Amino acid sequence: MKRKGQVVAHIDLDYFFAQIEELRNPGIADKPVVVCVYSGRTEDSGVVSSANYIARRYGVKAGIPIVRAKALLKGTDAVFLPMRRDEYAQISEQVMEILREFADVVEVESIDEASLDISSRVGDDYSKAMELGSEIKRRIRELLGLKCTIGIACNKVVAKIAADVAKPDGLRIVKPEETSSFLAELPVEKLPGVGEKLRTKLAELGVKTIGDLAQLSMDKLHQLVGEKTATYLKLAARGEYYEPVAERRERKQISRIITLKQNTRDVEEIMRQLSTPINDVLTKAESMGVSFSGVGIIAISTNLRIITRSKTLNEPVDRQLLMDTVRHLFNALLNEQPSLMLRRAGVRLFDLKPASRQTSLTFFQ
Ligand code: TTP
Ligand code: CA
Ligand code: CA
């Protein structure tokens, strides 16, 4: 199980949904911001999805009822906003696209987190890993305006815990030889997979820290959870769960974004500069053996506002139709927003399907 030389970076965006809302409307960044999932039953029924760190000072966090959050924030100038998941998902894809520049294998673990196997980039040099971590943070900040936290360690579990304890806007390196001492004193619920129920049962056995769990006999652990979970927990608590980083999701879209040579709102200039990214996404679609009927554009303004537009076509899209649709979407966007200046621009293909037999046969010839 032990794999020498594995270096894993775990990235988690800080207060992700709420941070995007702040970015879109910087005027609210110094107020408590609460992103809500309204169930629609009564005006305030539903739960909190994400809260910025100012709101958290009042005890607001994901999962609590909106009514409770409103009570906690009474008398403040708190801002309550409805969740706009499609937009957050778009931005998430862009974060993942940036991460792919820094690692050969990127495992997307949720909308706002991913693990990167950076072994081949840094060898076993943790000061190089630290530099790479800072560089990733800088890039995400520079290109998308977002803050994140990164943990770097010898496996996915320890890297994730390192990121967790370093939040927000943090970077925490745990060298292999520091793993045991890093884990030992942390509360056991910091270990991914230990929820409230298991935490309570473990507490009854006197197991409070990850270090305690690492010492617990396999028999006792097995009385609480199934064999597979027990094996995972035991290895994870010792910092020895070496499951490799692996791409797991089927790709749902292909996108490329570039920084424009200068800020512009000239559609023909944007189209000229997008010709390489358009070639890239088409080549990628071909190499994946997929066709697509969805075309999107991504526009990032000079003040880092992220705007996306898309169109779903009835037929598989060829190069000409792709170019026409991208041009049309940029024209429509810029006409609609006369003061919009673009700093970055990108293109996105979605609604991917296996290419027709004819195409894939040609491809494999
Ligand atoms: P998290 O990473 O758990 O939380 P966060 O990014 O808001 O805050 P942190 O700085 O502590 O990382 O979740 C990522 C996003 O997933 C979050 O912004 C909103 C969404 N989410 C929910 O909608 N409901 C939930 O109960 C949780 C935990 C998250
Ligand atoms: Ca997060
Ligand atoms: Ca997360």
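Q: What makes the element that holds Asp351 a strand?
A: Asp351 lies in strand 12, residues 342–354. Strands are DSSP runs of E with at least two residues, and helices are runs of H or I with at least four, numbered from the N terminus. This is a predicted model, in which local features need pLDDT of at least 70 and side-chain atom pairs count only at pLDDT 80 or more, while totals for chains, interfaces and linings use all residues. Residues are numbered from 1 along each chain as written, chains are lettered from A and ligands numbered from 1 in the order written, and side-chain values use heavy atoms, without hydrogens and water.

Q: What is notable about phi of Asp351?
A: Phi of Asp351 is positive, about 55°, although Asp351 is not a glycine. Leu304, also not a glycine, has a positive phi near 65°. Leu304 sits in the loop between strand 10 (290–301) and strand 11 (306–312).

Q: Which residues are closest to ligand 1?
A: Tyr15, Phe16, Ser49, Tyr53 and Arg56 are the closest of the 13 residues around ligand 1. A residue counts as near if one of its heavy atoms lies within 4 Å. The shell divides into 6 nonpolar, 2 polar and 5 charged residues. At least two shell residues come from each of strand 1 (8–13), helix 1 (16–24), strand 3 (46–51) and helix 2 (53–56).

Q: Why is ligand 1 said to lie between domain 1 and domain 2?
A: Both domain 1 (8–14 + 86–180) and domain 2 (17–84) give residues to the shell, so ligand 1 lies between them. The bounds come from an automatic or database domain assignment. That division also has domain 3 (189–237) and domain 4 (253–364), whose C-alpha centres lie 48 Å apart.

Q: What makes the pair of Arg56 and ligand 1 a polar contact?
A: An N or O atom in the side chain of Arg56 is 2.7 Å from an oxygen atom of ligand 1. A polar contact is a pair of N or O atoms within 3.5 Å, so the pair qualifies. An oxygen atom of ligand 1 also lies 3.0 Å from a backbone N or O atom of Phe17. For the side chain of Lys167, the distance from an N or O atom to a ligand 1 oxygen is 3.3 Å.

Q: How much of ligand 1 does the protein bury?
A: The protein buries 67% of the 560 Å² that ligand 1 exposes when taken alone. These areas come from the Shrake-Rupley method with a 1.4 Å probe.

Q: Which peptide bond is cis?
A: The bond joining Lys167 and Pro168 is cis, with omega about -10°. Pro168 is in the loop between helix 7 (156–166) and strand 8 (171–173).

How values were computed: A polar contact is a pair of N or O atoms within 3.5 Å; within protein, one must be able to donate a hydrogen and the other to accept it, and residues adjacent in sequence count only if both atoms are side-chain atoms. Ala, Val, Leu, Ile, Met, Phe, Trp, Tyr, Cys and Pro count as nonpolar, Asp, Glu, Lys and Arg as charged, and the others, Gly among them, as polar.
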